Amino acid sequence: MTATAAAAPTAVAEHAASPTYTPARVDGVAAVLPVVGADTLVPLVDGRRVPYANLDVAASAPALQAVADHVDRVLPLYASVHRGAGYLSQVSTALYEQARRTIGAFVGAREDDLVLVTRNTTDSLNLLAGCVPADPATGAPGRVLVLDIEHHANLLPWQRDTDATVLAGGPSVAATLDAVREELRDGGPYALVAITGASNVTGEALSVAAVVEIAHAAGARVVLDGAQLVPHRPFSLAASGVDYVAFSGHKTYAPYGAGALVGRRDWLDAGTPYLAGGGAVRRVRVAETTWHEGPARHEAGSPNVIGAVALAAAAEALRAVDPAELAVHEAALRDRLVAGLAEIDRVQVVRCWADAVDPVGVVTFTVAGYDPGLVAAFLSAEHGIGVRDGRFCAHPLLGRLGFDAGAVRASVGVGTPGADVERLVAAVRSLVADGPQAQYDVVDGLWVVVDDPRPVPEGLGLDGLLATAALGDPTGCTPIL
Ligand SMILES: Cc1ncc(COP(=O)(O)O)c(C=O)c1O
């Protein structure tokens with residue numbers, strides 16, 4: 001998956017490749033790192049309370065306990081940054097700039113790379129899209145090559161801000177790499193190839209090393225959407241040759257509102273400042289503004305100090321774990337998910353490429369005869385399991401693969417115990433065998449429990465549960481996100 005991926009869990013990987021291999025049950029597999037909320041009980045429709053099985057970490061991962069503890073330690077020291085003379089302002093400024101260095105080191109930044117603290121992957125990729133240089137001869141927007149397997153965050157910014165070509169993925173990794181190679185050779189020149197480090201639908205990816213080799217040979221740079229890769233695998237810009245990587249704190253066990261864009265300085269220094277405002281400028285006169293170069297150019301306004309510090313703490317905690325341990329844990333859970341689901345009647349596991357190597361712990365599936373939204377509502381209401389349903393902000397991919405009606409996604413991370421995976425497999429098996437026990441209905445395009453008896457947590461001022469924020473679509477379309 002990446003040139004610098006940890007030594008693959010050889011035993012697991014080799015077995016998984018064998019047609020006779022049935023992954024062992026994973027009931028006894030423990031989480032690798034403690035996360036906040038691991039013991040949280042949630043109510044079921046039958047009145048019981050069970051520990052929440054969070055199998056939606058690809059959307060947002062729970063905070064590592066180490067991250068939450070670090071934030072608690074830092075909060076009393078928090079004050080204004082960059083322009084404050086007070087002692088705590090100086091401490092906070094040092095913490096912020098140190099976090100920037102740690103975040104850069106986490107993704108193997110080269111000495112001259114810039115580390116920009118953003119809000120998330122979407123923000124990072126939008127920022128970079130505004131910095132792709134125009135064609136020097138014609139002044140036309142820079143050309144970007146992207147595959148149709150991408151999350152909308154790694155598709156729409158290129159389509160809006162650059163001259164983007166969207167290439168359909170092929171039936172295999174090898175065929176897709178051939179198509180990329182051919183397009184770069186015959187359809188170029190391109191400034192940039194934008195590619196996922198791991199699909200948020202299937203966990204699969206092209207070989208990053210191969211993409212870099214092909215792109216660089218054609219004179220194009222590579223940006224990696226690291227949203228689903230960086231939380232799961234060691235990654236290094238320097239070792240892989242990737243030019244830019246974007247990722248999100250909330251998917252990297254640091255849900256405090258920060259993300260990052262790390263990579264080559266020249267485009268970022270020359271690009272239009274992402275946000276106009278204080279901190280991004282050297283000098284302002286009414287008629288003329290001189291912008292900073294470096295990170296400040298794109299970080300106008302007051303930065304998210306706590307978010308950056310939290311992301312750095314997550315980076316340090318992940319780097320402290322033996323990569324082989326991470327890989328073995330995740331491969332065991334993923335293999336069991338795929339095999340356990342696939343052997344249930346009427347269940348189909350969604351794949352882009354059967355020959356993808358070392359996919360991350362993201363597994364998408366459908367249950368014939370059941371709407372994905374109903375499956376997800378059932379898993380929550382009757383089993384206390386959190387998954388994602390819909391089209392995962394990857395509409396072109398789901399459409400091409402024939403899943404326009406959506407699917408269900410289970411995803412695991414360092415805080416996932418194997419028992420949660422077994423609970424999911426057993427719950428889906430019970431759905432197929434016996435059907436749901438509660439009554440469900442579609443309200444405003446969403447599956448809900450009829451007269452849902454589950455209470456909301458007390459003391460938070462909540463007056464009900466809300467499944468999505470995508471309400472009130474004036475077109476009346478069913479929201480399939
Ligand atoms: C592969 C991938 N890219 C980009 C994003 C966007 O991330 P964010 O919502 O944190 O900006 C996601 C989110 O699910 C993702 O999975």
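Helices and strands are here DSSP runs, a helix having at least four residues and a strand at least two, and they are numbered from the N terminus. The structure is a predicted model, and with that numbering in hand F392 can be placed in the loop between strand 16 (388-390) and helix 13 (395-400). Although F392 is not a glycine, its phi is positive, at about 55 degrees. F392 counts as buried because 26 C-beta neighbours lie inside 10 Å, the cut-off for a buried residue being 20 or more.

A second residue other than glycine with a positive phi is D444, where the angle is near 50 degrees. D444 is found in the loop between strand 18 (440-443) and strand 19 (446-449), and with 14 other C-beta atoms within 10 Å it is partly exposed. A further backbone feature belongs to the loop between helix 6 (173-186) and strand 7 (192-196), which is the place of P189; the peptide bond leading from G188 to P189 is cis, its omega being near 0 degrees.

From the loops we can turn to the helices, beginning with helix 14, which covers residues 418-434. Its 17 residues, at 1.5 Å a residue, should span 24 Å, and the end C-alpha atoms are indeed 24 Å apart, so expectation and model agree. Buried residues in helix 14 include G418, D420, E422 and R423, together with V421, V425 and V428. Just after helix 14 comes G435, which takes a positive phi of about 75 degrees.

How do helix 14 and helix 11 pack, and at what angle? Two packed helices are described by the angle between their axes and by the distance between those axes. For helix 11 (residues 323-342) and helix 14 the angle is about 10 degrees and the axes are 10 Å apart. Since angles under 35 degrees count as roughly parallel, the two helices are therefore roughly parallel to each other. On the side of helix 11 the contact is made by A332, L333, R336, L337, G340 and L341, while helix 14 contributes G418, V421, V425 and V428. By class, the residues of this contact divide into seven nonpolar, two polar and one charged.

L341 of helix 11, which takes part in that contact, is also among the residues touched by V349, along with V338, A342, V363 and F365, when residues up to four places away in sequence are not counted. V349 itself lies in strand 13 (residues 347-349), and it counts as partly exposed because it has 15 C-beta neighbours inside 10 Å.

Helix 10 (residues 305-319) has 15 residues that should span 21 Å at 1.5 Å a residue, in agreement with the 21 Å between its end C-alpha atoms. Of these 15 residues 13 are buried, so helix 10 is largely enclosed by the rest of the structure.

In helix 7 (residues 208-217) the residue to look at is V211, which is buried, with 26 other C-beta atoms within 10 Å. Leaving aside neighbours within four places in sequence, V211 is in contact with V180, V193, I195, L206 and V222.

The last stop is the ligand, around which there are 16 residues, with N120, T122, N200, A227 and S248 coming nearest. Which classes make up the shell around the ligand? Its residues divide into four nonpolar, ten polar and two charged.

Notes:
Residues are numbered from 1 along each chain as its sequence is written. This is a predicted model: local features need pLDDT of at least 70, side-chain atom pairs count only at pLDDT 80 or more; totals for chains, interfaces and linings use all residues. The expected span of a helix is 1.5 Å times one less than its number of residues. A residue is buried if 20 or more other C-beta atoms lie within 10 Å of its own, exposed if 12 or fewer, and partly exposed in between; C-beta atoms are placed from the backbone. Axes are lines fitted to C-alpha atoms, for helices over the stretch in contact, and angles run from 0 to 180 degrees between N-to-C directions. Angles under 35 degrees count as roughly parallel, over 145 as roughly antiparallel, 65 to 115 as roughly perpendicular and the rest as oblique. Two residues are in contact if their C-beta atoms, placed from the backbone, lie within 7 Å. Ala, Val, Leu, Ile, Met, Phe, Trp, Tyr, Cys and Pro count as nonpolar, Asp, Glu, Lys and Arg as charged, and the others, Gly among them, as polar. A residue is near a molecule or strand if its C-beta atom, placed from the backbone, lies within 6 Å of it.
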